[in-house]
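Here's a quick tour of how the strands pair up and where some of the aromatic rings meet. Keep the structure open while you read.

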Amino acid sequence: MTEQVADNNDYILSLEDIRVTFGSGSTENKAVDGVSLNVRRGKTMGLVGESGCGKSTLARAAIRTQPIKSGKILFDGQDFGSLSGDALRRARRGIQMVFQDPYSSLNPRMAVCDIVADPLRNNSDLSRGEIAAKVATLLDQVGLPPRALSAYPHELSGGQRQRVGIARALALDPALVICDEAISALDVSIQAQIINLLQELQDEFKLTYLFIAHDIAVVRHFSDRIAVMYLGKVVEEGPALELCARPQHPYTQSLISAVPVPDPRLERERRAKASVLKGDISIKAERGCRFAPRCPMRNVVKRELQIDCAEVEPRSVEVGMNQYSRCHLAELELEAVG
């Protein structure tokens with residue numbers, strides 16, 4: 001399940017059938033189970049799903065900090081998964097991450113100037129003066145005043161700390177930035193500021209983002225394309241606006257139905273019709289569709305298709321222009337149209 005285009009050079013990152021497991025035998029946990037994604041250059045791919053669905057594990061696998069069981073990772077036209085030593089370190093400069101917690105991801109014993117300068121000292125041939133000048137420029141680009149150079153993380157607000165994290169990520173001029181729940185620990189008003197900053201930086205530096213979040217409303221606003229992940233699998237993927245306007249998978253529909261609307265009357269009506277999920281993400285089928293134990297449409301599939309979703313795994317089908325859904329209901333709709 002992934003976007004189809006003619007030229008693979010359009011992609012800065014391609015993940016092909018990535019599998020990550022923890023444990024073995026009867027205790028094996030398939031954290032990422034055959035995920036394929038293509039991230040277009042200069043665009044934002046949103047990856048959304050509840051906590052525990054495997055989003056962050058997939059991100060760590062993409063940058064080679066989490067070993068994979070199988071699959072292929074292509075970054076900027078090269079086989080990233082086969083690199084090692086100096087070749088891997090050089091390639092990694094092109095991929096940087098902004099983490100969820102802007103406090104724990106920054107060294108509390110280092111001043112901001114040293115935090116941002118650290119990647120440059122370790123991965124560039126710039127002189128001390130050139131590094132200092134670039135650090136000052138980076139802080140200005142992320143909206144921090146010069147006095148922040150000498151500050152320590154505990155002296156900054158959450159939003160300011162995240163700006164430091166963004167400046168550090170940009171220090172080596174990466175082509176791809178992975179934002180792993182980069183705004184979820186921030187207040188709503190600060191979230192909007194950080195989103196706007198990321199968009200401005202993308203336009204200025206032609207950045208590509210893999211934007212990971214659990215809030216589909218934020219992902220819809222920020223992304224060009226969205227992949228919806230559930231228990232290690234991508235269950236739906238498509239252009240952001242089309243996917244949110246016409247979700248085909250019951251899990252995607254539930255995520256969208258949970259997004260509040262500003263009109264009280266419409267909100268009441270929406271909640272009355274909303275698809276409420278029962279149970280939590282730790283409840284899963286041993287076979288078949290991972291979403292089956294919580295799916296409100298499971299009985300419909302059994303009645304209409306005589307298929308038990310917990311026993312038969314659905315295939316990925318195209319339900320729109322470059323939109324794909326992994327659901328038996330999508331197969332039923334295609335058969336009806338055909």
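R19 sits opposite D33 of strand β2. Bear in mind that this is a predicted model. The two strands behind that pairing are β1 (residues 11-22) and β2 (residues 29-40), which run antiparallel and are joined by nine bridges. The hairpin they make has six residues between the strands, and there G23 takes a positive phi near 80°.

β1 also has another partner. Five bridges connect β1 to strand β4 (residues 70-75), again with the strands running antiparallel. If you want a spot to look at, find E16, which stands opposite K72 in β4.

Now for the open sheet. Eight strands build it, in the order β6-β7-β8-β3-β9-β10-β12-β11, and the pairing is mixed. Its edge strands are β6 (95-98) and β11 (316-320), each of which pairs on one side only. From one strand to the next, the twist averages 20°.

At the β11 end, β11 pairs with strand β12 (residues 323-326) in the antiparallel sense, over four bridges. Within that pairing, S316 has R326 in β12 as its bridge partner. Over at β6, helix α5 (residues 158-170) lies across β6 and β7 (176-180) and runs at about 175° to β6.

Here are the bridge partners mentioned so far, side by side:

| Residue | Partner | Partner's strand |
|---|---|---|
| R19 | D33 | β2 |
| E16 | K72 | β4 |
| S316 | R326 | β12 |

On to the aromatics. The model has six aromatic pairs. One of them is Y209 with F222, a tilted pair at 5.6 Å centre to centre with 35° between the planes. This pair links distant parts of the chain, with Y209 in strand β8 (residues 208-213) and F222 in helix α7 (residues 216-222), 13 residues apart. Are these two rings' residues buried or exposed? Y209 is buried because its relative accessible area is 1%, under the 20% cut-off. F222 counts as buried too, at 5% relative accessibility.

Y230 and F291 make an edge-to-face pair, 5.1 Å centre to centre and with 85° between the planes. Here the link spans 61 residues, from Y230 in strand β9 (residues 225-230) to F291 in the loop between α10 (264-273) and α11 (298-305). Both Y230 and F291 are buried.

One more thing about the tilted pair: Y209 and F222 belong to one aromatic cluster together with F211.

Definitions and conventions: Residues are numbered from 1 along each chain as its sequence is written. This is a predicted model: local features need pLDDT of at least 70, side-chain atom pairs count only at pLDDT 80 or more; totals for chains, interfaces and linings use all residues. Side-chain values use heavy atoms; hydrogens and water are left out. Two strands pair if DSSP finds at least two bridges between them. Axes are lines fitted to C-alpha atoms, for helices over the stretch in contact, and angles run from 0 to 180 degrees between N-to-C directions. Contact means heavy atoms within 4.5 Å. Rings of Phe, Tyr and Trp (its six-membered ring) pair if their centres lie within 6.5 Å; planes under 30 degrees apart count as stacked, over 60 as edge-to-face and the rest as tilted. Buried means under 20% relative accessible area, exposed over 50%, partly exposed in between (1.4 Å probe, protein chains only).
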